Structure formats: C-alpha cells, structure tokens
Amino acid sequence: MAPASPRSPGSAEPAAASLAASAPWDAETDDVLTCVAVRAETHDVKTFVLAAREPRTFRYRPGQFLTFAFEIGGETLHRCYTISSAPTRPHTLAITVKRVAGGPVSNWLHDHLAPGDSVRALGPMGDFSCFTHPGAKYLLLSGGSGVTPMMAMARTFHDLGAGRDLAFVHSARSPADIVFRDELALMARRDPALSVHAICEADAPGEAWTGPRGRLTPALLRETVPDFLERTVFVCGPKPYMDAVRAMLAEAGFDMARYHEESFDFGALPEAEQDAAREAEHALDDAPAAGVRSFRVEFAKTRRVLDCPEDTTVLDAARKAGIRLPSSCAKGLCGTCKSKVTSGTVAMTHAGGIRQREIDAGMALLCCSRPTSDLVIER
C-alpha cells in the first residue's frame, strides 16, 4: 500500500477550522449533530462525541442536557441525555449512555451509532448546574449513570484550574461499573482540591473491591466528607438512590436550600410513568370544577377521545383517562411529549423544550398545554 500523500504546505488542516470557529451552535437554525467518536467507558457504557456539521462552538452550563430525536425502526423516539463533556472544551460535546436491557434507544446507540452518523438534538436546557446554583464548596453525589452531570461539573472546574473545593462520591454496583474511573483518579492526583470516592456493592470479575462497600450511609458520608453539612450538594441517580440521599441529608440537619437534584427521569422508566400517573389521578378531580369548561380532545392515530378541562394539561387528562403518551420531565423542558395539533388551539407555557418554528408549524408540548378549544392531536 502506498503511503498517504503529505498535505501540501498551503492546505488547511480540517481540525484548524473547528478550533477557529467562533459562531455558536444554534439548534434553532441547525439541529443536526454528527458523531465524530465513540469511546467505551465500561462494559456497558459508551461515550458518543458529537460536533456540528459546520465548525461551531457549544455554549452550555455544566449539568445541562439535550433532547434528541432518534429515527429508529421507522419511528421517532425522543430521549434526554446529559452533556457529560465540559463547556471549557467547546468544539465538541459528548453524551455518555448506559446500555439498558430492552431499551430501544440505548441499545441502538451502542449497536449502531458510529462516527459519521447524524442525529438531531434540541438544547441545551436545564438548571441543574453549579453555575446556576453556585457555592463556596461542593459535594457531588451520584449513583450509576447519574455520574454524567457530575462529571461535566468536575471536568469544568478542573479545566478552569480554579482550585474549587469539590468532593465527588459515586456509588456503583462493582469496580467494573465505575464510569470515568481512570479519568477521575487522574484529575484527583493533579488537583488537591478535588477528592474522589467510590462505593461499590460487590466485587467485579477479576477484581476484589477494597474500598467502601455497600450503599451510601450517614456514617460513610461523614467518614469520606466530614464537612458535608457545609457544602452545596448536587445529587443525580436512580429515583430510589435520590430518595434515600434526600432523606438522609434532611435527617442529618443539612440545609436543604443548598440541595439540588436532577428533577426528571431521563430514561422514562415504566415505574416513573406509573408514579406520575398516580400523582395526576390525585391532582385531578373526577369532574371539572364549577365554571370550568371542558373541551373534546381526539387522538387521531389511536382514535381515543377524552374530555379535558381548560385548567388541566392534555398530558394529565390523558393519564387520567388511561392513555399512555410519551413523556419524561412533565415540565416543558425535554420535548419528549411534543405532538402535532392538527386542529384547535392550546395555551402553552413551556420551559425551552420546543422551538418557535415548531410552534409555528402546529407543534405543542402536551405536558404544559391546556386546551382553549376542541383539539385533534396527531397521536
């Protein structure tokens, strides 16, 4: 095989164009991102590095997320993924995804998304960030794949060289499941202000765990981070993990004004949907209050019809009627419940999960849309 021809002296290195880019990426004008690299983090976790089609820079707060629209099997599936990279390295961004048994999106990403492939994304969005809720010193508590927003924050402070007092405590099933293990260890060696602690429930094949074992407890937290009561705390992980940590900190007398957790379930797990449905049932009366109008809502594809009071979101009314609709944050952030309203009007108060051009095209977020007339929805 002949050696590759050397680049002529006058030609430009493609990477130079990316580094020289000054215009920020704007999903309003171009929502397509290209995969430029795939990196294995553990046996079931991969990082997907993304870039704009034309050289652009990414501006976001560490801890924010993107909402993606994946075309899989002839269907569009929406998912939210936290940006695991740091805004201090603005020419690409990355998401880190754990393969979930039976998960249509995570398995497709692991098996099919490769360098050169494109995906569509909206964002960044969300206020779960140390930049939004600053503190003198921080405690990052994560379980499983909840490590991703914490890694974005830790990477950011590390790159800035600010020497910010940061304690990072991560809970994993085994040492083989500790995401970013080597990178975190290297960062901690280089930065004395960063302390990293891992807690594992069990050994891994070929590696016995010698660190703290089991689950996070008040005694273990006091041992690893003695001054945790003085810190600003960020928590992300499975719902049972966050529930346990929240209760533990409150019982310890922590000032919950300095407590912040990821407020929605990125994976839209069935359990979370069931919890949300039960909450909606309690929140809604069996009949509209006196003086409150109801409107007819028809779902065109499933031919389901329901009555929705004008003071109730379409998503809550659908859940009350036993109709399952795609949803995740239920706060107008993620865009998962985005749907086409083919007839009628709604009053929508969203939090950034939909673009103006989509609204102009008749799209609405059902989680924050209340009917102002009879509706026909393309679902």
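When I say that one element covers another here, I mean contact, that is, heavy atoms within 4.5 Å of each other. Please also keep in mind throughout that what we have on the screen is a predicted model.

Let me start with helix α6, which runs over residues 239-251 and so has, by the assignment, 13 residues; from its first C-alpha to its last it reaches 18 Å, close to the 18 Å expected at 1.5 Å a residue. Which residues of this helix are buried? They are Tyr241, Met242, Val245, Met248 and Leu249, and because they cover an arc of only 130° around the axis, they lie on the same side of α6. The general background is that an α-helix has 3.6 residues a turn, so residues three or four places apart point the same way. On the other side of α6 we find Pro240 and Glu251, which are exposed.

What, then, covers the buried residues of α6? The cover includes four strands and a helix by name, namely β7 (138-143), β8 (166-172), β10 (232-236) and β11 (259-261), together with α5 (218-224). Just after α6, Gly253 takes a positive phi of about 90°.

Let me now turn to strand β14, residues 338-343, which runs antiparallel to strand β16, residues 363-365, and is joined to β16 by three bridges; within this pairing, Ser339 stands opposite Ala364 of β16. β14 also pairs, again in the antiparallel sense, with strand β18, residues 375-377, this time over two bridges, and there the bridge partner of Ser343 is Val376 in β18.

Key: Residues numbered from 1 in each chain as written. Predicted model: local features only at pLDDT ≥ 70, side-chain atom pairs only at ≥ 80, totals over all residues. Heavy atoms only, no water. Expected span 1.5 Å × (residues − 1). Buried < 20%, exposed > 50% of the residue type's maximum accessible area, 1.4 Å probe, protein only. Arc of directions from axis to C-beta. Pairing = 2+ DSSP bridges.
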